[in-house]
Structure formats: C-alpha cells, structure tokens
Amino acid sequence: MIRACDVDDLPEGEAVRVLAHVPISVFHTEGEYYAIDDTCSHQDASLADGWVEGCFVECPLHAASFDLRTGKPTCLPAKRPVRTYPVVVSDGAIYVDTAVQEMTA
Ligand code: FES
C-alpha cells in the first residue's frame with residue numbers, strides 16, 4: 001500500500017502522480033478515487049497531466065481517452081489498456097494498493 005496524499009490535497013477533478021514500481025496517477029472525480037498507470041499506453045505521456053471529464057481522462061499528448069474504472073482506452077490512438085489499482089481512503093489519506101493490479105484485455 002502506498003500513501004498518495006491527504007484527502008484535502010486532491011480536490012474533485014484533480015489528479016496526483018505517485019511513484020511505485022511504475023508511476024501511478026490517482027484521480028478524484030464524481031466523488032470517487034481511481035488509480036491507473038500514469039504513463040499512457042500509446043507513448044510517453046503522463047495521464048495525471050490530462051483532462052478529466054466524468055470517469056474518463058484524456059491524454060495530454062494525442063488525446064486518447066481512458067476509462068478510469070477499467071483502464072480501457074475509449075478512442076485511438078491508444079489501443080492497449082492501462083492497469084488499474086484499488087484505492088483505499090483511511091484516516092484522511094488516500095492509499096493505492098499496488099499489490100493488486102488489474103489489466104482489462
Ligand atoms: S501519448 Fe497518449 S495518446 Fe499518444
């Protein structure tokens with residue numbers, strides 16, 4: 001389990017990047033927290049720097065969109081999903097469970 005930040009430091013619509021075995025971005029949107037691989041599956045761009053709309057993030061480099069719930073791309077140029085990770089909120093802090101990774105084919 002990796003501590004991402006305090007709940008107060010991640011307002012709705014924002015993202016934070018944390019370093020684990022790979023960079024992971026944690027998003028707060030629509031009242032929920034989501035964690036996915038930070039690096040876009042298309043090329044080398046940080047999804048934490050992307051634009052969040054609902055449960056989707058748009059890559060800042062070529063505008064592929066990923067579903068934060070599943071990691072699946074919803075449009076080109078990305079074709080491969082990114083991994084998702086469980087998020088736990090405890091004692092005012094946000095944690096990412098990096099031991100559990102899911103990759104939706
Ligand atoms: S790097 Fe993300 S769409 Fe190209």
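Does Glu 30 count as buried, exposed or partly exposed, and how many C-beta neighbours does Glu 30 have inside 10 Å? The tour returns to this residue after a view of the whole chain.

**The whole protein**

Please bear in mind that the model is predicted. Begin with the complete C-alpha trace, which spans about 40 × 25 × 20 Å along its principal axes. The radius of gyration is 12 Å; a compact globule of 105 residues would have a value near 13 Å, so the two agree. Colour by secondary structure next: the protein has 10 strands and 0 helices, and its pattern along the sequence reads β-β-β-β-β-β-β-β-β-β. If the colouring is switched to burial, 30% of the 105 residues count as buried. Among contacts with a separation of 6 or more, 38% are between residues 24 or more positions apart.

**Glu 30**

Select Glu 30, in the loop between β3 (23–29) and β4 (32–37). Glu 30 counts as partly exposed because it has 13 C-beta neighbours inside 10 Å; a buried residue would need 20 or more, and an exposed one 12 or fewer. Inspect the backbone here as well: Glu 30 is not a glycine, yet its phi is positive, about 55 degrees. Most residues other than glycine have a negative phi.

**The hairpin of β9 and β10**

Move to β9 (87–90) and β10 (93–96), with Asp 91 in the loop between them. These two strands form a hairpin with 2 residues between them. They run antiparallel and are joined by 4 bridges, and Ser 90 has Ala 93 in β10 as its bridge partner. Select Asp 91 in the turn, where phi is positive at about 50 degrees. Asp 91 counts as exposed, because it has 7 C-beta neighbours inside 10 Å.

Now add strand β1 (residues 2–6) to the selection. β1 and β10 run antiparallel, joined by 4 bridges. To locate this pairing, select Cys 5 together with Ile 94, its bridge partner in β10.

**The nonpolar core**

Which residues touch the most other members of the largest nonpolar core? Show Val 26, Phe 27, Ala 35, Ile 36, Leu 47, Phe 66 and Val 96 as sticks; these are the ones, in a core of 23 residues. Two or more residues of this core come from each of β3, β4 and β10.

Centre the view on Phe 27. Leaving aside residues up to four places away in sequence, Phe 27 touches Ala 15, Tyr 33, Tyr 34, Val 52, Val 57 and Leu 68.

**The sheet of β5, β6 and β7**

Select the three strands of an open sheet, ordered β5-β6-β7 and paired antiparallel. Its edge strands are β5 (51–53) and β7, each of which pairs on one side only. From one strand to the next, the twist averages 25 degrees. Within this sheet, strand β6 (residues 56–58) is joined to β7 by 3 bridges. Glu 58 and Ser 65 can be selected as an example, Ser 65 being the bridge partner of Glu 58 in β7.

**The cis peptide bond**

Where does Pro 77 lie? Follow the chain into the loop between β7 (65–67) and β8 (84–85), which holds this residue. Most peptide bonds are trans. The bond joining Leu 76 and Pro 77, however, is cis, and its omega is about 15 degrees. Display the backbone atoms of Leu 76 and Pro 77 to view this cis bond, the last stop of the tour.

Methods:
Residues are numbered from 1 along each chain as its sequence is written. This is a predicted model: local features need pLDDT of at least 70, side-chain atom pairs count only at pLDDT 80 or more; totals for chains, interfaces and linings use all residues. The radius of gyration is taken over C-alpha atoms; the globule rule is 2.2 Å times the number of residues to the power 0.38. Two residues are in contact if their C-beta atoms, placed from the backbone, lie within 7 Å. Two strands pair if DSSP finds at least two bridges between them. A nonpolar core is a set of buried Ala, Val, Leu, Ile, Met, Phe, Trp, Tyr and Cys residues joined through C-beta atoms within 7 Å. Axes are lines fitted to C-alpha atoms, for helices over the stretch in contact, and angles run from 0 to 180 degrees between N-to-C directions.
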